[in-house]
Amino acid sequence: MKYERILLKLSGEALMGNRQYGIDNDRLKEYAAEIKKVVDIGCQVAIVIGGGNIFRGLAGAATGMDRVQGDYMGMLATVINGMALQGALEDAGIFTRLQSAIEMDKVAEPFIKRKAVRHLEKGRVVIFGAGTGNPYFTTDTAATLRAIEIDADVILKGTRVDGIYDSDPEKNSDAVKYHSLTYSEVYEKDLKVMDMTAFTLSRENNLPIIVFDMNKEGNLLKVVQGETIGTLVNL
């Protein structure tokens, strides 16, 4: 096992499966099964999920909604997704804790770094909801911030493509995949790995990022075990 403590970043859209919106229970079960494989070998897993399958603050702002109000609505959407994933993980026999950056004690613990680390040490999967708790920050930034706080070894960004390309591989069949990149190369090539705040945080704290296809069975386990899957961004 190459990585003993990981921060897994999932997009809200990933939970839609083949639906147009909302949450696909079959996709939840698939993700729970993949996460269980790495938990069973002793890997400590923390997770941050986006909320784009339910509501995205930027989309609301684009239609005239107050940006701050929209961002808080997006944060609540991430808690809904966190609750859904928590249920799927517990159905798979995995102990979990959902922590929220916005206090809502009926459904989640408040985020407390020491408690989060203790849960991880006890083998529980910790899901971080409500982003950073502040508007104008994405869940990419929340994922990077939480990874740094809990001293994760790596951020694993699970997507529907198998790494970082020089252009969108879903639109350009000639797109070239990068197997590894430095932080400087990502800047120079203007590659969209994460938003700039999240990426800068990762770079300043020397926190590697691996972008990989989460929808391919066994990939998460392979990454944790050190196999060359996806694209590694590091110094």
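In this predicted model, helix α1 buries Arg27, Leu28, Tyr31, Ala32, Glu34, Ile35, Val38 and Val39. Seen down the axis of α1, these buried residues fall within an arc of 165°, so they line one face of the helix. The face turned away from that buried side carries the exposed residues Asn25, Asp26, Lys29 and Asp40. The buried residues of α1 pack against the strands β1 (5-10), β2 (44-49) and β5 (125-129), and also against the helices α3 (67-91) and α8 (219-224).

The length of α1 can be checked against its residue count. The helix comprises 16 residues, 25-40, and at 1.5 Å a residue it should span 22 Å; its end C-alpha atoms are 22 Å apart, which agrees. At the N-terminal end of α1, Asp24 acts as a cap, with a side-chain oxygen 2.7 Å from the backbone nitrogen of Asp26. Just after α1, Gly42 takes a positive phi of about 100°.

**A second helix with one buried face**

Helix α4, residues 113-121, has Ala116, Val117, His119 and Leu120 buried. Viewed down the axis of α4, its buried residues fall within an arc of 160°, so they line one face of the helix. They pack against β1, β2, β3 (96-100), β4 (109-110) and β5. Just after α4, Gly123 takes a positive phi of about 90°.

**The sheet**

The strands form an open sheet of 9 members with mixed pairing, in the order β4-β3-β5-β2-β1-β6-β10-β11-β9. At the edges stand β4 and β9 (180-182), each with a single partner strand, so one side of each is left without a neighbour in the sheet. Helix α1 packs on the sheet, where it touches β1, β2 and β5; the direction of α1 makes about 150° with that of β2.

In general, strands of a sheet pair through backbone hydrogen bonds, either parallel or antiparallel. The table lists several of the pairings, each with one pair of bridge partners.

| Strand pair | Sense | Bridges | Bridge partners |
|---|---|---|---|
| β3 and β4 | parallel | 2 bridges | Gln99 and Glu109 |
| β3 and β5 | parallel | 5 bridges | Leu98 and Ile127 |
| β1 and β6 (154-159) | parallel | 5 bridges | Lys9 and Lys157 |
| β6 and β10 | parallel | 5 bridges | Thr159 and Asp213 |
| β10 and β11 (231-234) | antiparallel | 3 bridges | Ile209 and Val233 |

Strand β10 pairs with β6 in the parallel sense and with β11 in the antiparallel sense. It is mostly covered, as 5 of its 5 residues are buried. Ile209, Val211 and Asp213 point one way from β10, while Ile210 and Phe212 point the other way, and all are buried. Two of these residues also appear as bridge partners: Asp213 is matched with Thr159, and Ile209 with Val233 of β11.

Strand β3 has 4 of its 5 residues buried, so β3 is largely enclosed by the rest of the structure. Its parallel pairing with β5 extends over 5 bridges, and its parallel pairing with β4 over 2 bridges.

**A buried threonine in helix α5**

Thr141 lies in helix α5, residues 139-149. Its relative accessible area is 4%, and it is therefore buried, the cut-off being under 20%. The side chains of Thr141 and Asp195 are joined by a polar contact of 3.3 Å. Leaving aside residues up to four places away in sequence, Thr141 touches Thr132, Asp195, Thr197, Ala198 and Leu201.

**Positive phi values outside glycine**

Most residues other than glycine have a negative phi. Against that background, two loop residues deserve mention. Asp190 has a phi near 55°, a positive value in a residue other than glycine. Asp190 is found in the loop between α6 (183-189) and α7 (196-204). Asn206 likewise has a positive phi, near 50°, and is a residue other than glycine. Asn206 lies in the loop between α7 and β10 (209-213). With 42% relative accessibility, Asn206 counts as partly exposed, because that class lies between the limits of under 20% for buried and over 50% for exposed.

How values were computed:
Residues numbered from 1 in each chain as written. Predicted model: local features only at pLDDT ≥ 70, side-chain atom pairs only at ≥ 80, totals over all residues. Heavy atoms only, no water. Expected span 1.5 Å × (residues − 1). Buried < 20%, exposed > 50% of the residue type's maximum accessible area, 1.4 Å probe, protein only. Arc of directions from axis to C-beta. Contact = heavy atoms within 4.5 Å. Polar contact = N/O pair within 3.5 Å; in protein donor to acceptor, adjacent residues only side chain to side chain. Pairing = 2+ DSSP bridges. Axes fitted to C-alpha atoms, helices over the stretch in contact; angles between N-to-C directions.
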